[in-house]
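This report describes the strand arrangement of one protein. The sequence and the structure come first, and the description follows.

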Amino acid sequence: MSKNVIKTATVATLAGAALFLGAGLASADTAEPALDDGHYTLDIAAPISLGLPSTVGSVPAEVVAGQLVVSGYVVPATLDAFDEDEDGTADGAAVIVRGSTWGALR
């Protein structure tokens, strides 16, 4: 075999190993925290802050089977869980309705 063929095969093997290792590490780092069912406080955000506090009120809320429930009514919202202390469990969630964030669960 020529030296070029050996070099090419070695580089291809190393690149394949790096891709395999990198894919495993990337999937481990991108795991989304899951928001547990239970009782929360929903902080309702001001639509436009204008220098005022960003939270205009707070109400008790529940998460049941992944859905937001306020005063017995299911709110058609997406709950985007976040993990502030990076321990793998959700610390709360952004509440998104029709593409706009209008509150946070804590």
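## Sheet and hairpins

In this predicted model, Asp-43 has Ser-58 of strand 2 as its bridge partner. The contact between strand 1, residues 38–45, and strand 2, residues 55–64, consists of eight bridges, and the two strands run antiparallel.

Strand 2 is also joined to strand 3, residues 67–70, by three bridges, again in the antiparallel sense. Across this pair, Val-63 stands opposite Leu-68. The two strands make a hairpin with two residues between them. Ala-65 lies in that turn and has a positive phi of about 55 degrees.

A further hairpin is formed by strand 3 and strand 4, and two residues separate these strands. Ser-71 takes a positive phi near 55 degrees there. Strand 3 and strand 4 pair antiparallel over three bridges, and Val-70 has Tyr-73 of strand 4 as its bridge partner.

The pairings described so far are listed below.

| Strand pair | Sense | Bridges |
|---|---|---|
| Strand 1 and strand 2 | antiparallel | eight bridges |
| Strand 2 and strand 3 | antiparallel | three bridges |
| Strand 3 and strand 4 | antiparallel | three bridges |

These pairs belong to an open sheet of seven strands with the order 4-3-2-1-7-6-5 and antiparallel pairing. Strand 4 (73–75) and strand 5 (78–82) each have a single partner strand and stand at the edges, so one side of each has no neighbour in the sheet. On average, neighbouring strands of the sheet are turned by 40 degrees against each other, with direction ignored.

## The protein as a whole

Which elements does the protein contain, and in what pattern along the sequence? There are one helix and seven strands, and reading along the sequence gives α-β-β-β-β-β-β-β. The helix thus precedes the strands in this pattern.

The protein has 106 residues, of which 20% count as buried. Its exposed surface is about 7700 Å², and carbon and sulfur atoms supply 61% of that area. Among contacts in the protein with a separation of 6 or more, 38% are between residues 24 or more positions apart.

Conventions
Residues are numbered from 1 along each chain as its sequence is written. This is a predicted model: local features need pLDDT of at least 70, side-chain atom pairs count only at pLDDT 80 or more; totals for chains, interfaces and linings use all residues. Side-chain values use heavy atoms; hydrogens and water are left out. Two strands pair if DSSP finds at least two bridges between them. Helices (H or I, at least four residues) and strands (E, at least two) are DSSP runs, numbered from the N terminus. Axes are lines fitted to C-alpha atoms, for helices over the stretch in contact, and angles run from 0 to 180 degrees between N-to-C directions. Buried means under 20% relative accessible area, exposed over 50%, partly exposed in between (1.4 Å probe, protein chains only). Contact means heavy atoms within 4.5 Å. Accessible areas come from the Shrake-Rupley method with a 1.4 Å probe; for residues, only the protein chains shown count as cover.
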